[in-house]
Amino acid sequence: LGCGAGQIGQQLAARLGMLYLDRELLQHAAEELSVSEDALEHQDETVPTFWQSLVASFAYGSPEAVYAPPLLNQPNGHELFATQSRIIARVAQTQSAVIVGRGGSHVLRDHPRHVGVFLHADMAFRIKRVSEAYHLSEQEARSAVEESDSSRARYRRAVANRDWDDARQYHLCLDTGDLDLDAATDIIVAYVERRFGVTATEQPPG
């Protein structure tokens with residue numbers, strides 16, 4: 001949280017002419033499971049916490065995090081992960097895509113054209129970005145980042161039996177605080193071009 005994965009992912013998809021999948025995976029999973037997207041929100045990638053619910057509420061354009069009791073007969077976290085994994089694998093069979101989170105790097109680890117990227121940055125950089133993006137105080141942003149890290153680490157351990165910050169499972173690990181988001185995008189594009197002999201379809205910004 002706060003490393004700029006969504007922005008970098010969108011830039012990559014545009015420059016490489018690829019499909020972009022982030023929250024879209026949750027939407028597709030909701031359709032396949034015949035439930036509302038809201039019913040899956042609190043199980044998506046993380047164990048639910050107050051701050052993650054708050055951040056998610058802003059993504060829907062609402063400034064308030066409103067409690068709602070859990071729905072009956074809703075899919076559990078394992079069912080959601082299995083469904084999203086099937087969608088990721090199905091997409092990868094037919095087209096190139098930039099997939100943000102959802103264990104995509106683990107799901108596609110044996111795919112011959114898979115590129116795994118881990119983005120990280122120091123706490124101060126991430127707190128500043130989260131604070132500005134969601135209009136939180138510094139302490140609120142810190143709590144959001146720390147709780148997100150903890151929950152996502154448990155998620156990765158549960159679905160992949162590996163620590164999410166183990167660099168050996170990725171092709172690239174980039175510090176977006178030391179670089180900037182455009183520079184990080186440039187590095188990933190250069191890696192993909194060199195490894196697969198493709199050419200970016202859109203010029204870098206600026």
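# Chatting through a predicted model

Biologist: Hi! Where is His135 found?
Modeller: This is a predicted model, and in it His135 is found in the loop between α7 (123-134) and α8.

Biologist: Is His135 buried or exposed?
Modeller: His135 is exposed, at a relative accessible area of 68%.

Biologist: And what is the phi of His135?
Modeller: Phi is near 55 degrees there, a positive value in a residue other than glycine.

Biologist: Moving along, which helix holds Glu138?
Modeller: Glu138 is in α8, which covers residues 138-160. With a relative accessible area of 55%, Glu138 is exposed.

Biologist: What does Glu138 touch, leaving out residues up to four places away in sequence?
Modeller: Ile127 and Ser131. Between Glu138 and Ile127 the C-alpha to C-alpha distance is 6.6 Å, with the two 11 residues apart in sequence.

Biologist: Let's switch to the interior. Which residues touch the most other members in the largest nonpolar core?
Modeller: Ile8, Leu12 and Ile188, in a core of 18 residues. Two or more residues come from each of α1 (5-16), β4 (172-175) and α9 (181-196). The largest share, 5 residues, is from α9.

Biologist: What is Ile188 in contact with, beyond its neighbours within four places in sequence?
Modeller: Its partners are Ile8, Leu12, Val117, Leu172 and Leu174. There is also a second, separate core of 6 residues, with Leu136, Ala141, Ala144 and Val145 among them.

Biologist: Back to α9, then. How many residues does α9 have, and what does it reach end to end?
Modeller: α9 has 16 residues and reaches 22 Å from first C-alpha to last, close to the 22 Å expected at 1.5 Å a residue.

Biologist: Which residues of α9 are buried?
Modeller: Leu181, Ala184, Thr185, Ile188, Val189 and Val192. Down the axis of α9, the buried residues fall within an arc of 135 degrees, so they line one face of the helix. The elements covering them include α1, β3 (117-120), α7 and β4.

Biologist: Nice. What caps the N-terminal end of α9?
Modeller: Asp180 does, with a side-chain oxygen 3.0 Å from the backbone nitrogen of Asp182. Just after α9, Gly197 has a positive phi of about 70 degrees.

Biologist: Last topic, cysteines. How many disulfides turn up in the whole structure?
Modeller: The search finds 0. As for exposure, Cys3 is buried, because its relative accessibility is 8% and buried means under 20%. Cys173 counts as partly exposed at 36%.

Conventions: Residues numbered from 1 in each chain as written. Predicted model: local features only at pLDDT ≥ 70, side-chain atom pairs only at ≥ 80, totals over all residues. Heavy atoms only, no water. Helix = DSSP H or I, 4+ residues; strand = E, 2+ residues; numbered from the N terminus. Buried < 20%, exposed > 50% of the residue type's maximum accessible area, 1.4 Å probe, protein only. Contact = heavy atoms within 4.5 Å. Disulfide = S-S within 2.5 Å. Core = buried A, V, L, I, M, F, W, Y, C linked by side-chain atoms within 4.5 Å. Expected span 1.5 Å × (residues − 1). Arc of directions from axis to C-beta. Polar contact = N/O pair within 3.5 Å; in protein donor to acceptor, adjacent residues only side chain to side chain.
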